[in-house]
2 protein chains.
Amino acid sequence: MSSEDKKKYMQLAFEEAKKAEKQDEVPIGAIIVDPDGNVIGRGYNRRELDQDSTQHAEIIAIREACQHLGTWRLIDCSLFVTLEPCPMCAGAIINSRVRTVYFGALDPKAGAAGSVVDLFAVEKFNHHPQVYRGLFREQASQMLKDFFREIRRKQKEAKAKKEIDNNSGNQE
Amino acid sequence: MSSEDKKKYMQLAFEEAKKAEKQDEVPIGAIIVDPDGNVIGRGYNRRELDQDSTQHAEIIAIREACQHLGTWRLIDCSLFVTLEPCPMCAGAIINSRVRTVYFGALDPKAGAAGSVVDLFAVEKFNHHPQVYRGLFREQASQMLKDFFREIRRKQKEAKAKKEIDNNSGNQE
């Protein structure tokens, strides 16, 4: 795949991540590309929105791609995701036979593509996707950092407001 | 949990597995039990039926339980499954904070609870369920063995029939 194409698809994954961000979800986005270059699956993190622990970006994108192709085998397909997959998503990538995985930011807490464990390198498993780590890593990391900084700012603001309300309550 | 209860819940997981078997799916079943002993999620393997690589018994049961409780956190819940979870399902169990996992047969090819990898023992992950391995292991293994023996028998029968058809075609 050309650098131009990789950039194009990764930017589409960022677009998905932004949909999550707009709904106060941790911004993570994923897309699936078929061998002809068509985008056949899209997903963004919806864990809080759906109150469902399985609603990660990659799972949603994989399910959409399976539905699109009418098969659970995503042979010769590529997955682009803004954050290193967790064990569940790495497992789903193996189960669906995705050929190539491109991801952005590393996840030192839950990354299953090298950061904590490397499920793609376990010889005994029956499928081993090719993995490209750290594609647009800076952009991907910055997006997550900005999101968590904003969360902390809002929490601080809410705490300060509560203290002011409590104090004025005491004085009344 | 009492032995009686464990037996009862595991038999419910077997009932789910039988639903898969009746539809020619690899017979794997799972259920989720809340802290009060209520069954709040059920699932059986539907990979071929739905042509969706994520439609494993555990994922379906977890999603149903999340929907039932209205939260992605299955705190203090137990999961019973007839086969050792794969990496995807072990990851989903960690993500959803299931407290206790009981499984039947070991999976030497894809088991992520000790057989190939042990995701539940990875210190860095933020949740570590308690795991009971090999509950009704014989029954669980036998069910899978019978299923695959039947598959092979049908394949052999179909092959023999094809050969007879070809031969009679040649004689006409």
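**A five-stranded sheet and a two-fold pair**

In chain A, helix α3(A) lies across three strands, namely β1 (29–33), β2 and β3. Its direction makes an angle of about 150 degrees with that of β2(A). This picture, like everything below, comes from a predicted model.

The sheet under discussion is an open one in chain A, built from 5 strands in the order β2-β1-β3-β4-β5, with mixed pairing. β2 (39–44) and β5 (130–132) of chain A sit at the edges with a single partner strand each, so one side of each has no neighbour in the sheet. Ignoring direction, neighbouring strands of this sheet are turned by 15 degrees against each other on average. As a general reminder, the strands of a sheet pair through backbone hydrogen bonds, and they can do so in parallel or antiparallel fashion.

Strand β3(A) shows where the mixed pairing comes into view. With β1(A), β3(A) pairs in the antiparallel sense over 4 bridges, and here A:I31 has A:F80 in β3(A) as its bridge partner. With β4 (residues 100–105) of chain A, by contrast, β3 (residues 78–83) of chain A runs parallel, and 5 bridges join the two. Two residue pairs can be picked out along this parallel stretch. A:S78 has A:T100 as its bridge partner in β4(A), while A:L79 stands opposite A:V101 in β4(A). As for cover, β3(A) has 6 of its 6 residues buried, which makes the strand mostly covered.

A record adds some context for chain A. An unreviewed UniProt entry carries the annotation "domain: CMP/dCMP-type deaminase" for residues 4–117 of chain A. In the model, that span is 39% helix and 20% strand, and the C-alpha atoms at its two ends lie 30 Å apart.

Now for how the two chains relate. Chain B superposes on chain A through a rotation of 180 degrees with 0.0 Å of shift along its axis, at an RMSD of 0.1 Å. That is the relation of a two-fold axis. In chain B, the C-alpha nearest the axis belongs to B:M88, 2.0 Å from it. Both copies use the same surface: 100% of the contact residues of chain B recur in chain A.

Two threonines give a residue-level look at contacts between the chains. A:T54 sits in the loop between α2 (47–50) and α3 (57–69) of chain A, and it is buried, with a relative accessible area of 1%. Its side chain makes a polar contact with the side chain of A:D52, at 2.8 Å. Beyond its neighbours within four places in sequence, A:T54 is in contact with A:I59 and A:M88 in its own chain, and with B:I59, B:I62, B:R63 and B:A92 across in chain B.

The other threonine, B:T71, is in the loop between α3 (57–69) and β3 (78–83) of chain B. B:T71 has a relative accessible area of 19%, and it counts as buried because the cut-off is under 20%. Setting aside neighbours within four places in sequence, B:T71 is in contact with A:Q51 of chain A and with B:C66 of chain B.

Technical notes. Residues numbered from 1 in each chain as written. Chains lettered and ligands numbered in written order. Predicted model: local features only at pLDDT ≥ 70, side-chain atom pairs only at ≥ 80, totals over all residues. Heavy atoms only, no water. Least-squares fit on C-alpha atoms with pLDDT ≥ 70 in both. Contact = heavy atoms within 4.5 Å. Buried < 20%, exposed > 50% of the residue type's maximum accessible area, 1.4 Å probe, protein only. Polar contact = N/O pair within 3.5 Å; in protein donor to acceptor, adjacent residues only side chain to side chain. Pairing = 2+ DSSP bridges. Axes fitted to C-alpha atoms, helices over the stretch in contact; angles between N-to-C directions. UniProt positions renumbered as here; feature names shortened; annotations may be inferred.
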